Amino acid sequence: METSIFFLKFYGYFFFLFAGALLFSKKGMEVMIIAGKDEKHVMLTGMLSLFIGLPVIILHNIWTFDVFGFLTFMGWMTVVKGVVRIAFPSFVVRKMERYKSSQSKIWLIIAIMIGLGLMYCGYYPYWR
């Protein structure tokens, strides 16, 4: 249970802080988009995705229809994203070249809301 609460808080803070910083920093968003078009950076972010997702898979592989299952799903998707970025960096670069930054604000706001929800569940668990 303590592991689950840790991962809820970790992913909550990560989503909230990362998306919030990019939402308020135009330069940060530009740098992220430029980095997504370089295969070396794509490979590096693939490794980082593995570092973030693998602990969730190893320590918290709980498949239920609640926040624990959502957390496990996010861990698996993070690992899949990392493997795709490492195995097929040119595919990711091609996808990023067609990326429109006009949609990014909507996705960043959604990420902030997910982060707030995960933090809330971590600090005020509804299952106790």
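Hi everyone. Let's start with a single residue, Gly75, which is buried, with a relative accessible area of 0%. Please keep in mind that we are looking at a predicted model. Gly75 sits in helix H4. What does Gly75 touch, if we skip residues up to four places away in sequence? The list is Tyr11, Gly53, Val56 and Ile57. Take Ile57 from that list: Gly75 and Ile57 are 18 residues apart along the chain, and their C-alpha atoms are separated by 6.0 Å.

Now let's step back to the helices around Gly75. Two packed helices are described by the angle between their axes and the distance between the axes. We can go through some pairs with that in mind.

First up, H3 and H4. Helix H3 covers residues 39–59, and its axis comes within 7 Å of the axis of H4, with a crossing at roughly 150°. How do H3 and H4 run relative to each other, roughly parallel or roughly antiparallel? That angle makes H3 roughly antiparallel to H4, since anything over 145 degrees counts that way. The crossing of H3 with H4 is left-handed. On the H3 side, the contact includes Val42, Gly46, Gly53, Val56 and Ile57. On the H4 side, it includes Leu71, Gly75, Trp76, Val79 and Arg85. So you can find Gly75 again here, as part of the contact between H3 and H4. Sorted by class, the residues in this contact are 13 nonpolar, 8 polar and 2 charged.

Next, H1 and H4. Helix H1 is residues 2–24 and H4 is residues 67–87; they pack at an angle of about 60°, with their axes 11 Å apart. H1 and H4 are therefore oblique to each other. Their crossing is left-handed. From H1, the residues making the contact are Ser4, Phe7, Leu8, Tyr11 and Phe15. From H4, they are Val67, Phe68, Leu71, Met74, Gly75 and Thr78. There is Gly75 once more, in the contact of H4 with H1. How many charged residues take part in the contact of H1 with H4? There are no charged residues in it, while 8 are nonpolar and 3 are polar.

Let's pick out Phe7 from that contact. Phe7 is in helix H1, and with a relative accessible area of 4% it is buried. Leaving aside its neighbours within four places in sequence, Phe7 is in contact with Pro55, Val56, Leu59, His60 and Leu71. Look at Val56 in your viewer: Phe7 and Val56 are 49 residues apart along the chain, yet their C-alpha atoms are separated by 7.3 Å. You may remember Val56 from the start, where it was one of the residues touching Gly75.

Our third pair is H1 and H2. Their axes come within 5 Å and cross at roughly 110°. H1 and H2 are therefore roughly perpendicular to each other. Phe18, Leu22 and Phe24 of H1 meet Lys26, Gly28, Met29 and Met32 of H2. By class, that contact holds 5 nonpolar residues, 1 polar and 1 charged.

Let's move along the chain to helix H5, residues 89–97. Which residues of H5 are buried? They are Pro89, Val92, Val93 and Met96. Seen down the axis of H5, these buried residues fall within an arc of 100°, so they line one face of the helix. What do they pack against? The buried residues of H5 pack against H2, H3 and H4.

Val92 makes a nice example from H5. At 11% relative accessibility, Val92 counts as buried, because the cut-off for buried is under 20%. Not counting residues up to four places away in sequence, Val92 touches Gly36, Val42, Val84 and Arg85. Val92 and Val42 are 50 residues apart along the chain, and their C-alpha atoms are separated by 7.4 Å. Val42 and Arg85 also came up earlier, in the contact of H3 with H4.

One last stop: Ser104, in helix H6, which runs over residues 104–123. Is Ser104 buried or exposed? At 5% relative accessibility, Ser104 counts as buried. Leaving aside its neighbours within four places in sequence, Ser104 is in contact with Met29 and Tyr99. Met29 is also part of the contact of H2 with H1.

That's my tour, thanks for listening!

Definitions and conventions:
Residues numbered from 1 in each chain as written. Predicted model: local features only at pLDDT ≥ 70, side-chain atom pairs only at ≥ 80, totals over all residues. Heavy atoms only, no water. Axes fitted to C-alpha atoms, helices over the stretch in contact; angles between N-to-C directions. Helix = DSSP H or I, 4+ residues; strand = E, 2+ residues; numbered from the N terminus. Parallel < 35°, antiparallel > 145°, perpendicular 65-115°, else oblique. Left-handed = near helix turned anticlockwise from the far one by under 90°. Contact = heavy atoms within 4.5 Å. Nonpolar A, V, L, I, M, F, W, Y, C, P; charged D, E, K, R; others polar. Buried < 20%, exposed > 50% of the residue type's maximum accessible area, 1.4 Å probe, protein only. Arc of directions from axis to C-beta.
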